[in-house]
Amino acid sequence: MAETPMTTGRGWTDSIRRFFDGDIWHSFTRSPVTMVAAGITFLYFFMAAFGPWIAPHNPFDLASITLLDASLPPAWMEYGDPRFWLGTDIQGRDVLSAIIYGSRVSLLIGFASVILSLILGVGLGLISGFVGGAVDAFIMRVAEIQLSFPSILIALLINGVLRGAMDIQDQADLAYTVLILSIGLSNWVQYARTVRGSTMVERNKEYVQAAHVIGIRPILIMWRHILPNVLGPVLVIATIQLALAIIAEATLSFLGVGLPPTEPSLGTLIRVGNDYLFSGEWWITIFPGAALAILVLAVNLLGDWLRDALNPKLR
Amino acid sequence: MVAFILRRLIQSLFVMFFVALVSFSMFRFVGDPVHQMVGIETSLEEREALREKLGLRDPVIVQFGNYIAKAAVLEFGVSYQHKRPVAEMLAERMPATLELALVSAVFSLLIGVPMGVYTGLNRDGFFSKMFLSISLVGISLPTFLIGILLIFVFSVQLNWLPSFGRGGVVDLGGWTTSFLTVDGWKSLILPSITLGLFQLTLIMRLVRSEMLEVLRTDYIKFARARGLSNRAVHFGHALKNTLVPVITITGLQLGSIIAFAIITETVFQWPGMGQMFLQAVTTVDIPIMAAYLMLIAFFFVVINLIVDMLYYVVDPRLRVDTGKATGHG
């Protein structure tokens, strides 16, 4: 049924007002830590979205970087250059700009892999809970086995296999795909287990039986009737998983099986800078490291808060 | 008891079978094994002969059977990169990883349990709050960043501790140990802190919440009513009863410590299995990857089995016949 623009508009303002009157907003305004975390997260998103416009330099524009600016310390230190607040790396690239571009890449891969594991996990969880029987047993067994290994190990294995299966020569172009697939495929279990549980509860409720009775196809029942009712906890998992995915991406890139130095994420920046830690150029690796830690901490805090806010039992 | 162990054994075998299937498929279907083993100048006939010799023409089921049979006697094939038997390479590097894992597990227990007891007993103390907030930050920091920070502070700035390698190593008939030299111990400090920090925070939080739980129970109140000293109540009665979950978690975490060693070993250039596995991932050396996967799975399964049995020994409630008891499936 098509809604008129009028009712859509009122529906929106209604739901916005409900949101600001509701418990979630209330608990948000009561928690200064969460507000700071949300502010920082928003800042990172903003930086990621508008990176090329707000970064003081373009670290990939070979014309603008010169070796004369190489290895400059941060601006407030002796020999620092006011043009480069956080100093420059060994090739004369601005560390701050590299961090802004790197956060963009890290967040992009984080989001993409969370979406991948969300679709996979929610889909398999729905099928598992709705169909039951042997299908359920099989999916859950695989999930259990995968869960008993640390996800970084699984991600590394998938990464190696994918790079073996694809043509290694094209690695630079495929690096994004390989990373997203290996992180996404190693983190679906949480979603699947949660969704399976709530699907099994919903499956026996009257509205689902009613839908069966009037002859709606099972696929449609899963999609239209059950899915909207099991999505609540998924949001919380996704937030916490975003932090984990960013860590996983950084770890893989740091280990040298992630993004190449030509398209650095925060992890690649730390990896590259790590080589110069001993020669005294600490800022090349410590600042990207701090940027990563702050981002992960902020997203983690948001996730924790969301979990508590959506689940009054925990308070 | 026998039925319990038997059921757990069958479950473990199922896991191993599944992992073997995955590692066999990796070996068989990712890239062409023959192509990886020979040089460019090898003729087509020689390649075909090798294919025949390796049994790559047999039905896949037969190949899988052979693969399992070989894995059971620790024969994992030859590394593509190094042209050496994988089992030999793993055996060389295993001591380094196991020693590192052991030291960091002991470290996390020795520091984590007292910190957990302290924060559990002084809930609102200043130090408790400080420990808890630090542990939150510790959980958020990726392992490799902690390693880099430690190197930066203790190796680069203060120049107290070595930042890479195992230091002095003594060879005890095939098992190389760094426990026998001062240098070796010094080299162990930073990597084991890096590896153990996450476990430490986990154990601390676990002991804390268990202590809080136990201190509220009736038998603790009764112990106090009997006039026992604080010390006896806290350590004799309360702590003893928190240790069951701590044993379980520590045991289960030992497996992840070995797996997480991949990251720590890379940061500190520690010559262990994890570093070798990572090099294998970088160069797509499938035999090493497959063998490492099987080995880690084996560790996990064995540790899980031992922990389950320990649980059985420690908690008398589990010894009730499972047919009659409810709640323990």
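In the predicted model described here, 34 residues of chain A are in contact with 30 residues of chain B, two residues being counted as in contact if their C-beta atoms, placed from the backbone, lie within 7 Å. On the side of chain A that touches chain B, the elements giving two or more residues are helix 6 (151-165), helix 11, helix 12 (266-274) and helix 13 (283-310) of chain A, where helices (H or I, at least four residues) and strands (E, at least two) are DSSP runs numbered from the N terminus. Helix 6 of chain A gives the most to this side, with 9 residues. By class, the residues of chain A that touch chain B comprise 23 nonpolar, 10 polar and 1 charged; Ala, Val, Leu, Ile, Met, Phe, Trp, Tyr, Cys and Pro count as nonpolar, Asp, Glu, Lys and Arg as charged, and the others, Gly among them, as polar.

Because this is a predicted model, local features need pLDDT of at least 70 and side-chain atom pairs count only at pLDDT 80 or more, whereas totals for chains, interfaces and linings use all residues. Residues are numbered from 1 along each chain as its sequence is written, and chains are lettered from A and ligands numbered from 1 in the order in which they are written.

The secondary structure of chain A consists of 13 helices and 0 strands. Of its 315 residues, 43% count as buried, a residue being buried if 20 or more other C-beta atoms lie within 10 Å of its own, exposed if 12 or fewer, and partly exposed in between, with C-beta atoms placed from the backbone. Among contacts in chain A between residues at least 6 apart in sequence, 68% join residues at least 24 apart.

Within chain A, helix 4 (residues 95-131) takes part in crossings with helix 11 and with helix 5. The axes of helix 4 and helix 11 (residues 232-255) of chain A come within 8 Å and cross at roughly 130 degrees, axes being lines fitted to C-alpha atoms, for helices over the stretch in contact, and angles running from 0 to 180 degrees between N-to-C directions. That angle makes helix 4 of chain A oblique to helix 11 of chain A; angles under 35 degrees count as roughly parallel, over 145 as roughly antiparallel, 65 to 115 as roughly perpendicular and the rest as oblique. The crossing of helix 4 and helix 11 of chain A is right-handed, a crossing being left-handed if the near helix is turned anticlockwise from the far one by less than a right angle, and right-handed if clockwise. Residues making this contact include A:Ser106, A:Ile109, A:Gly110 and A:Ser113 of helix 4 of chain A, and A:Val234, A:Ala238, A:Gln241 and A:Leu242 of helix 11 of chain A. The contact of helix 4 with helix 11 of chain A has 10 nonpolar, 5 polar and 1 charged residues.

With helix 5 (residues 133-147) of chain A, helix 4 of chain A forms a crossing in which the axes come within 7 Å at roughly 140 degrees, and the two helices are therefore oblique to each other. This crossing of helix 4 and helix 5 of chain A is left-handed. Here A:Leu124, A:Ile127, A:Ser128 and A:Val131 in helix 4 of chain A meet A:Gly133, A:Val135, A:Asp136, A:Ile139 and A:Met140 in helix 5 of chain A, and the contact has 6 nonpolar, 2 polar and 1 charged residues.

Helix 10 (residues 218-230) of chain A carries a kink of about 25 degrees at A:Arg224, shortly before the proline A:Pro228; the bend at a residue is the angle between axes fitted to the seven residues ending there and the seven starting there. In helix 10 of chain A, A:Met222, A:Ile226 and A:Val230 are buried, and the buried residues of this helix pack against helix 4, helix 8 (189-203) and helix 9 (206-213) of chain A. In helix 13 of chain A lies A:Ile294, which is partly exposed, with 16 other C-beta atoms within 10 Å.

Chain B contains 12 helices and 2 strands, arranged along the sequence as α-α-α-α-α-α-α-β-β-α-α-α-α-α. Of the 329 residues of chain B, 36% count as buried. The axes of helix 8 (residues 182-215) and helix 10 (residues 230-267) of chain B come within 9 Å and cross at roughly 160 degrees, and these helices are therefore roughly antiparallel to each other. Their crossing is right-handed, and the contact of helix 8 with helix 10 of chain B has 17 nonpolar, 7 polar and 1 charged residues.
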